[in-house]
Structures are given as structure tokens and as C-alpha cells.
Amino acid sequence: MSEASFFTDMLQSITDRGRQLLFSGSRATQVAAKADLQTLCEMLLSSRGEASGMALAAEILDRWCALESEGAQAFLDMLHKKFGPDTAKLDQAIENYRADKSSAAIIALHQAAEPRRQELLRRLNHAPNGTAKLVRMREQLLASKDQSAGYHALDADFTHLFGSWFNRGFLTLRPIDWSTPAYILEKIIKYEAVHEIAGWEELRSRLAPADRRCFAFFHPRLADEPLVFVEVALTRSVPRAIGDVLVEGREQINADEATTAVFYSISNCQDGLRGISFGNFLIKQVVEDLRRDLPGLKNFVTLSPVPGFARWLAKARASAADRLLPEAVLETLMLLNDPSWPDNENTASEVERVLLPLAARYFLTERTPEGRPIDPVARFHLGNGARLERLNFLGDRSAKAMQQAHGLMVNYLYKLDDIVANHEALAQRGEVIASPAVKSLLTQNDESRRGGNGQQGSRPFAQIMNSTLGGGRK
């Protein structure tokens, strides 16, 4: 029996005994068994016994799991409205702090400001499988269309607690291979979010060969549920297209022949843990493990999707009446309306000349209102200290990639000696570190010169784009 299994069984035994004590007598039955969820939550917060507390926590979560969607949503609303900070204690703590800014007053103010639901969630976590059920609870919260202040306040409490419960110190890294138990392999198929795995044979092709690796983070309270996993291809060069990695009948190599490790798919598995960062730790840990086991590896790169590019470009194209894009560029982009454009060599060449400089701008100068890169995958890798190494035209011609990015893929380079400096450049100065090849696209003259607009056509592409798109920040 594993340590995690023994611990779970022990918690279940304590909980069962607590439930016998709590719900066995007639008086207890009237107080607890017939109580509504709000009353049970109040009882849990006031409970001092370990067994009774775990029994109450289990009862609350069991009842919550049995609720229909409307009732489950009402429970979340109740957590916000009925279990916020004690305003009377908070007001008094504020007054005490104003009168005496001592350490004791600061501690009291901090305690009074904490919503009661944070302690309630901590106690609910004591129940058997409590962590998994609370992750499901946040998953439902995130799926809600409610965007009120109460929604954000409640989500902030979940995020705060999950950030502590799922920090790197509690995570274990496990290799996933063809000998991994089937119930975990089934979840790898289910959770793959970047390049769909059609079935067991396709999964085998990604795990069994000597030049393939897969690693996942696990948490002791979710022992059989991967939190995030990464798929790695060991190659002799940096691939430009996902077909080079996943094509059937490709040439397989021995692991010790590889010079490059390609992270071609990173999938988060638990929707309820969205925004809790695991992937940055995962990549860095996997790099260290691969360097130790395969000293011949020199390059660590990704082959990444660009999920926000087509949406950004569509907005720019839709603003043609305001001259956001030059006429010649718009004319070429009209070719994207024909689904068969990638199959025509001349058409694809025309699109490439316009699309890659636009993509360079998308990565290097466009920003969110907070000053961050606008592409979510770029934010992740660049924030980890990777370098934007190469833009790969038609790197992925799947329907999903064509819809999201017109087939564009990107290589991010993880060079360990530069990771800290690259991260600081982005965090402190908002600068995206990129290869000279990518940077050169911003100053490249291209087909925007066509169309007879002499003055505009004589200007470099980047200058046209800077003036027409109005700077880098959005």
C-alpha cells in the first residue's frame, strides 16, 4: 500500500467515526442531519473536534456534489454573501491600527480582513478527497457566466489557497511511458489539449519510441490525476512543423543521437486549477533531468501554437476603414478567405511575405493593457525566460491551427545561461528577447510597397505598421 493510499484510508476511517458520533443520536440528528448547508458550514467553522470536523466537511462536500447546477451555483453565492469578513471586527481592527501601528495591531488587522470562507475552505479540505472536490468547485466557479465583484472575490480566495496547496514543494515529477498504468494513460489521452491523441495506437507512438519522452506533475492529494504534462521529441535539429514530429513512419533515432529536445505539447489537466502555475517549474525540471540523462543534448526548444494570432489579425483587418492596415497588405490578406490558399505555392508565398512581418509585430510590440505580450503561450514561455527563436509559416495545417493562427507555429529557445536575463528584460522593461531573424522581420520591406501609393510604398514595412496600427500597446 502506498503512503498516499494509507493516508487517505486513515482520513476516511476518522471521518466515518466522526459521522457516527455526529449523526447517530436523536438530538444530533435534529441539529446536523436536517441542517441546511449554510448551517453545516457555520457548525464546521465553530467545530473544535478533529473527527467531527472532518465528518462535517465530508457531509458538506457530499451534499454539494449531489446538487444540480443551480443549487451548486447557489452554494457558491452563499459562500460569497454569508462567509466574507466579519465587518464589525474589521472596522474595530482598522481603528485599533490607526491608534497603534504595532505588530500586534497589524496581525489583528490581517486576521480580521481575511474572509471567513478561506478558513471554511481550509476545513473542507480536511475531508477525504476534499482537495479534488474543491478543485471541482472552482472549476464550476470558473465556468459560471457571473463576472460580479462577488465572483472575483470568491475566485481570489480559491486562487490564494490553491497557490499554497499546490506549490512546487508538494509536487512530484513522474515520467509517463508505455508501462505507466492504463488509468493514467487514459487521462493523458483525455487531457491532451494541443495535438489531439486519437487513441491508444497514437498514444503508443508518442510514448514508446526511444526518441520520445513524457513527464507529468502530480500532487499527493490528487495521486492519480496529472496536473500538467509535457511531451518531448528528441531530434537532431529544431523542427519547423509539427508534422516533422508526429508524422507516421518518421525516422526514429536512438536517444543518445539526439542534440535537441523539443517540447511540442504542454497540457494543463485540471480546469479548476487554471491560473495556478505549474508549467514553468515543469519545463525547468524536465530540462535538468534530460541534461543529466542525455549529456549530448545541446538545444532545448518548443514547437508552440499561437492561439491568439488569427483573432488579433482579424481585428486589424476589420479596421480597414480606419486605415489600420495598408491597402496592399489588406489585398494580400484577402487570400486567407480561400480555404485552399495553403495548397497553392504562389498564393502561400504571397501570404507568407505579409503574414510573417505581421506575426513579428504581434510578438515583439503588441501588448495587453497591462503591458504584457498579447499571446497567452508567448506570455508563458517568454515569462519563463525563453527566447523567441523562429516563426514557422504553416507549421501546423490542422483545422484548429489554421483557425487560430493561419497555421503559424513558433520555436521558443530555452538557453539556461540566459533564462534569468531574458525574464528580467520582459518583467522590468517589457522587452521581448528574440533572435536576429525574428527582429529583422520588423524592418523588412515587403509587398506593402505594391499598389501605386508611392509615398507609403517607399517606407519600410515596420514604419508603415507603426504609424497605421498606432504603436505597440493596446
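**Close-up 1. Arg 250 and Asp 211 are both buried (under 20% relative accessible area; exposed is over 50%, partly exposed in between; 1.4 Å probe, protein chains only).** The two form a salt bridge (a side-chain nitrogen of Lys or Arg within 4 Å of a carboxyl oxygen of Asp or Glu), with the closest N and O atoms 2.8 Å apart. Arg 250 sits in the loop between α13 (243-246) and β4, and Asp 211 in the loop between α12 (200-207) and β2 (212-218), so the pair links parts of the chain 39 residues apart; helices (H or I, at least four residues) and strands (E, at least two) are DSSP runs, numbered from the N terminus. Please keep in mind that this is a predicted model, in which local features need pLDDT of at least 70 and side-chain atom pairs count only at pLDDT 80 or more, while totals for chains, interfaces and linings use all residues. Residues are numbered from 1 along each chain as its sequence is written, and side-chain values use heavy atoms, leaving out hydrogens and water.

**Close-up 2. Helix α10 (residues 149-165) holds Asp 157, the salt-bridge partner of Arg 117.** Their closest N and O atoms are 2.4 Å apart. Arg 117 belongs to helix α8 (residues 116-124), 40 residues from Asp 157. Arg 117 counts as buried because its relative accessibility is 4%, and Asp 157 is buried too, at 5%.

**Close-up 3. Asp 155 and Arg 138 meet in a salt bridge of 2.7 Å, N to O.** Here the link runs from Asp 155 in helix α10 to Arg 138 in helix α9 (residues 130-143), 17 residues apart. Asp 155 counts as buried at 15% relative accessibility, as does Arg 138 at 3%.

**Close-up 4. Strand β4 (residues 260-268) pairs with β3 and with β5 (pairing takes at least two DSSP bridges).** Eight bridges join β4 to the antiparallel strand β3 (residues 228-235), and Leu 234 has Ala 261 as its bridge partner in β4. With β5 (residues 299-302), β4 pairs in the parallel sense over four bridges; Thr 260 is partnered by Asn 299. Seven of the nine residues of β4 are buried.

**Close-up 5. Helix α17 (residues 345-364) bends by about 30 degrees at Glu 352 (the angle between axes fitted to the seven residues ending there and the seven starting there).** Of its 20 residues, 14 are buried.
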